[in-house]
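Colleague: I have a few questions about pairs of charged side chains and a pocket. Can we go through them one at a time?

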Amino acid sequence: MNDTTQDEGLDADPRSRPATAVVVGGGLAGITTALALADSGVRVTLVEGRPRLGGLAFSFQRGALTVDNGQHVYLRCCTAYRWFLDRVDGAELAPLQDRLDVPVLDAEAKPGRRLGRIGRTALPVPLHLAKSLATYPHLSLAERAKVGRAALALKGLDLADPALDAQNFGTWLAAHGQSERAIEALWDLVGVATLNAVAGDSSLALAAMVFKTGLLSDPGAADIGWARVPLGELHDRLARKALDSAGVRTELRTRVTSISLNENGRWGVQVPGETLDADAVVLAVPQREAHDLLPDGALDAPEQLLDIGTAPILNIHVVYDRKVLSRPFFAALGSPVQWVFDRTEASGLSDGQYLALSQSAAQDEIDEPVSALRERYLPELERLLPGTRGAEVRDFFVTRERTATFAPTPGVGRLRPGARTKAPGLYLAGAWTATGWPATMESAVRSGVSAADAALSALGRPRDHLFELFEEAA
């Protein structure tokens, strides 16, 4: 009787009922949004079409192996993703390096000069990179000196200058004395992995943001972290546990067919067999899906979402019968191989070694048959890792993400919308929105923080728990 009376009272006075929200999409952006809203007392329903959470950073089973669809890393400067790990109690499962150290193997270098390292000291910026640059064997002395001058010029760029978005990074590097070799052996080594594009195809604004924030802001900013467990442990199991604890209703295998604003000013979210009513809706889905769900008038130029291009990432997985790599990872030069990670322990493999090759900006290879990729990459691994010669390949398979990220092309910045739309109570989240970051896990979480902050502000709900994070991540 008391419950019925309370419900009738809430219906009679809408101002007294709890605020409600529906988050569409269960990737990192959607999970973050849902947690941030729920932490302010909003009743949240999270709807995801897949049978799992995690978006494009997920795991699956292949026999006894637990396989990540692709290798994902983050940096110490990724404050929002680090908050996410803490929020789902997963920080200890994805630790950071004590200090940046990237082994770089050049397959074409002379013996004794094949291995170089990109690392840092504890000295202040930019001196923290001086020793590493001075001893980097993959560039000439003159090239190293010019890299230092270009880095200082990059540090002086104003990231708020909209003109940077219209320029490409490759042209800027060439104008600042960077040789093709320097771009390949240093700038693209970092840039391709973070931007998913070579310098000539990248917006100067996004590239400058990556290098200024990661390498030129704080000595430890670029220290690398990665999951020592399957990504599904972090982004699905632990995330779902955190959502449950926060009181979020999570609906998997549920596709949203449309959203509409009701006469009473609330939103109706249509899913098969049910309409979810909410005060706020957050579309945390890819840009094309968001475009299809947006009601008329929500954005001035919704067709711009379709102009945001996409870029693929190819991942090659090789299981050997023995240990062939003693490092946790390395980057490669003089080879189509880009980055190689040891995934043996994380995958649950108890015998042999499992390597994952992460191949960004893979437009030319994304649709190649497995047989062709095998013929190309196994010999390349033998060139780079002598231990693979004579080792038995127990398994070789490929995972493909054809639309892994948005393409960071010049001009993309003007196409990326913010969290707010012109429709009251409707918000956008996703790594493709205007976070200022390229399409990374960090960008996805930042977008969720921004969407939650905008929604909570409109709902008049507490935002204190977001202020410290939002100051860093907005």
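**Salt bridges and a pocket**

Modeller: Start with one pair: the side chains of Arg249 and Glu251 form a salt bridge, at 2.9 Å from N to O. Keep in mind that this is a predicted model.

Colleague: Is Arg249 buried or exposed, or partly exposed?

Modeller: Buried means under 20% relative accessible area, and exposed means over 50%. Arg249 has a relative accessibility of 34%, so this residue counts as partly exposed.

Colleague: And which class does Glu251 fall in?

Modeller: The relative accessible area of Glu251 is 27%. Partly exposed covers the range between the 20% and 50% limits. Glu251 is therefore partly exposed.

Colleague: How many salt bridges does a search of the whole structure find?

Modeller: The pair Arg249 and Glu251 is a salt bridge. Asp106 and Arg181 also meet in one, at 2.8 Å from N to O. A search of the whole structure gives 23 salt bridges.

Colleague: How many residues apart are Asp106 and Arg181?

Modeller: Their side chains meet in a salt bridge. Asp106 sits in strand β6, residues 101–106, and Arg181 in helix α8. The pair links distant parts of the chain, with a separation of 75 residues.

Colleague: Is Asp106 buried or exposed?

Modeller: The limit for buried is under 20% relative accessible area. Arg181, the partner, has 25% and so counts as partly exposed. Asp106 has 6%, so Asp106 counts as buried.

Colleague: Where does Arg394 lie, the partner of Asp351?

Modeller: The side chains of Asp351 and Arg394 meet at 3.0 Å, N to O. This pair links distant parts of the chain, 43 residues apart. Asp351 is in the loop between α13 and β17, while Arg394 is in strand β18.

Colleague: Which residues are joined into one network by salt bridges that share partners?

Modeller: A salt bridge needs a nitrogen of Lys or Arg and a carboxyl oxygen of Asp or Glu. Salt bridges with shared partners make one network of Arg76, Arg120 and Asp223.

Colleague: Now the second largest pocket. Which element gives the most to its lining?

Modeller: The pocket holds about 440 Å³ of space. Its lining has 22 residues, and those closest to the centre are Val192, Val198, Ser335, Pro336 and Gln338. At least two lining residues come from each of α8, β15 and β17. With 5 residues, the most is given by α8.

Colleague: How many residues of that lining are nonpolar?

Modeller: The lining of the second largest pocket includes 4 charged and 6 polar residues. The nonpolar ones number 12.

How values were computed. Residues numbered from 1 in each chain as written. Predicted model: local features only at pLDDT ≥ 70, side-chain atom pairs only at ≥ 80, totals over all residues. Heavy atoms only, no water. 1 Å grid on protein atoms, 1.4 Å probe; cavity = no way out; pocket = protein on both sides within 12 Å on 5 of 7 lines; lining within 4 Å. Points joined across faces, edges and corners; volume = space filled by probe spheres on them. Helix = DSSP H or I, 4+ residues; strand = E, 2+ residues; numbered from the N terminus. Nonpolar A, V, L, I, M, F, W, Y, C, P; charged D, E, K, R; others polar. Salt bridge = Lys/Arg side-chain N within 4 Å of Asp/Glu carboxyl O. Buried < 20%, exposed > 50% of the residue type's maximum accessible area, 1.4 Å probe, protein only.
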